[in-house]
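Me: I'd like to talk through the empty spaces inside this protein. Can you take me through the reasoning as we go?

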Amino acid sequence: MAAEAEQGFRPLDEASLIAYIKATPALASRLGGGSSLDSIEIKEVGDGNLNFVYIVKSSSGTIVVKQALPYVRCVGDSWPMTRERAYFEASTLREHGRLCPEHTPEVYHFDRAMSLMGMRYIEPPHIILRKGLIAGVEYPLLADHMSDYMAKTLFFTSLLYNNTTDHKKRVAQYCANVEMCRLTEQVVFSDPYRVSKFNRWTSPYLDNDAEAVRQDDELKLEVAELKSMFIERAQALIHGDLHTGSIMVTPDSTQVIDPEFGFYGPMGFDIGAFLGNLILSYYAQNGHADQANDRKAYKKWILKTIEESWSLFQKKFVELWNKHKEGNGEAYLPDIYNNTNLLSLAQKKYMTNLFHDSLGFGSAKMIRRIVGIAHVEDLESIKDASKRAECERAALNCAKTILKGRRQFETIEQVIEHIQSFDRD
């Protein structure tokens, strides 16, 4: 990290944040400027893990200010963490916002020395998607919106659209987000498959299940392949952490937030993260069912959303490819793939590989959420430990078999059938 950036950094509290905003025109103007700044209200809403997140309100407007700390906030100085993640978050938000403004909040200001970003406030009644799924709320446009976001952000940052020179420049820029990538490598692809002080699970119920993961050589070989792809394959600018906690929703709006893990990686990692988290939510529903609501209808809606998310993504992605097939993209040069039949065959092969990548990464993300360091509230909020373990075991077994047999699936409908086969409601 540059010395001058380090020297310019200071964590802001509420009083110093007000002074900072008043001295920063890009933020002050969003709050109305002038006398509007005399009655600023600040609420700290960070989740406690990594960053300070402030909602800042004046009589004329509201913004969000986010500041990255040089360590994991919930642990302290003993776990250092690069502040440069704030730069990659702001850069990814701006790039994805340019490509898909409908589903990406606008960045108003970024201060690299302070690791501080000012951005659009995503107003109520938006809530975190994960919380909506736990509450059993249906979002009829979710699949349409998320397939749109993924198709646009992934296609337009890939070599299907860009020339090699521009692509390599962007890859080089994002390669510096190595610390966040290494964190993913450790917690998703390594720790669940070995004894690690960070791992936890619903003990004693899942003790044997966690041990079985650590002893499963076939699983380890498949995970090694996925880890290599994650590290080596600079396919597109991915969000890098696209779970249901990184999406804010209402029934008619979807906003993707928190891309601090953004880098050029495999497209399937984003798609898999989203689908894998929906599958985890599906298995959690039995633990949230009660006499008033058995959640069966809601589980059908989740499965429909999984199916539609992939089907719509595939359709939109290929449509973008066809629309821009005569452009600058260097992966499939138009003078070689000008035969419609040949291009169609190339697209089918490409999308089949991407489907299998997505299933693999999604399954790996599911496994780490059950026997790794960070779990999901969908399952954690099931108070009865034995019931929670039952839901987790079904999800874990489903994930293991999909990961190992991902290339045998030809359609998303086959995956849906497979998910249902592990459901013990």
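Reply: Sure. A helix here is a DSSP run of H or I with at least four residues, numbered from the N terminus. Bear in mind that this is a predicted model.

Me: What makes H11, H13 and H16 count as suppliers of the lining of the largest cavity?

Reply: Helix H11 (267–288), helix H13 (340–371) and helix H16 (412–421) each supply at least two residues of that lining. H13 gives the most, with five residues.

Me: Why is the largest one called a cavity and not a pocket?

Reply: A cavity is a set of points where a 1.4 Å probe fits but cannot get out, whereas a pocket is an open set, so the word says that the probe is shut in. The volume here is about 80 Å³. Of the 13 lining residues, the closest to the centre are Leu275, Gly276, Ile279, Ser358 and Leu359.

Me: Which kinds of residue make up that lining, and where does Gly fall?

Reply: The lining has eight nonpolar residues, five polar and no charged. Gly counts as polar, so Gly276 goes with the polar group.

Me: How do you know that the second largest cavity has charged residues in its lining?

Reply: The lining is Tyr283, Asn286, Glu390, Cys391, Ala394, Phe422 and Arg424. Glu and Arg count as charged, so Glu390 and Arg424 are the two charged residues. The rest of the split is four nonpolar and one polar.

Me: What is the volume of that second cavity, and which element gives the most to its lining?

Reply: The volume is about 50 Å³. H15 gives the most, with three residues.

Technical notes
Residues are numbered from 1 along each chain as its sequence is written. This is a predicted model: local features need pLDDT of at least 70, side-chain atom pairs count only at pLDDT 80 or more; totals for chains, interfaces and linings use all residues. Side-chain values use heavy atoms; hydrogens and water are left out. On a 1 Å grid over the protein atoms alone, a cavity is a set of points where a 1.4 Å probe fits but cannot get out, and a pocket is an open set with protein on both sides within 12 Å along at least five of seven lines; lining residues have an atom within 4 Å of a point. Grid points are joined across faces, edges and corners, and a volume is the space filled by probe spheres set on the points.
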